[in-house]
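Got the viewer open? Let's take a short walk through this one, one selection at a time.

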Amino acid sequence: MPAATKPSIKLPPPVTVQVITVQDKQVCFNNKKQTLLECLESNDVKVDYHCRDGFCGACRVTLTAGKINYPNGEPLAFVGENEILPCCCVPVTDINIKIG
């Protein structure tokens, strides 16, 4: 007589949450469908912006720790060393940023 088999249960993939530290505030980034700028805005962190597509560079902030990714390719605006454009990037790890 064959051994009874247990039905397999398909679990959803684990949710990855990155912590964004900006000034003295910590914000959780857990919606992969939004940009870093959208996450900051939804948590009442003010970041100046204009185009929201990486063309103008108005939202430029300083990345002091961690890693980000530009899912739609590198921005066209000039980005200096340790600078990122929140309008078109997402954090890959926990990050620290400085605005202004």
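**Start with the whole surface**

Switch on the surface first: the protein's accessible area comes to about 7,000 Å², and carbon and sulfur atoms account for 53% of that. Keep in mind as you look that this is a predicted model. Of the 100 residues in the protein, 33% are buried.

**Now the cartoon**

Swap the surface for a cartoon and you should find one helix and seven strands. Follow the chain along the sequence and the pattern reads β-β-α-β-β-β-β-β. If you like drawing contacts, take those between residues at least 6 apart in sequence: 48% of them join residues at least 24 apart.

**Across the sheet**

Next, select the open sheet of five strands, which runs in the order S2-S1-S7-S3-S5 with mixed pairing. Which strands sit at the edges? They are S2 (25-29) and S5 (83-84), each of which pairs on one side only.

Stay with S2 and add S1, residues 18-22: the two strands pair in the antiparallel sense over five bridges. Show side chains here and pick out Val 22, which stands opposite Lys 25 in S2.

**Last stop: the pocket**

Finish at the largest pocket, with a volume of about 240 Å³. To centre your view, select Arg 52, Asp 53, Asn 72, Cys 87 and Cys 88, the closest to the pocket's centre of the 18 residues that line it. Then colour the lining by residue type: eight residues are nonpolar, five are polar and five are charged.

Notes
Residues numbered from 1 in each chain as written. Predicted model: local features only at pLDDT ≥ 70, side-chain atom pairs only at ≥ 80, totals over all residues. Heavy atoms only, no water. 1 Å grid on protein atoms, 1.4 Å probe; cavity = no way out; pocket = protein on both sides within 12 Å on 5 of 7 lines; lining within 4 Å. Points joined across faces, edges and corners; volume = space filled by probe spheres on them. Nonpolar A, V, L, I, M, F, W, Y, C, P; charged D, E, K, R; others polar. Helix = DSSP H or I, 4+ residues; strand = E, 2+ residues; numbered from the N terminus. Buried < 20%, exposed > 50% of the residue type's maximum accessible area, 1.4 Å probe, protein only. Contact = heavy atoms within 4.5 Å. Areas by Shrake-Rupley, 256 points an atom, 1.4 Å probe, with all protein chains shown as cover. Pairing = 2+ DSSP bridges.
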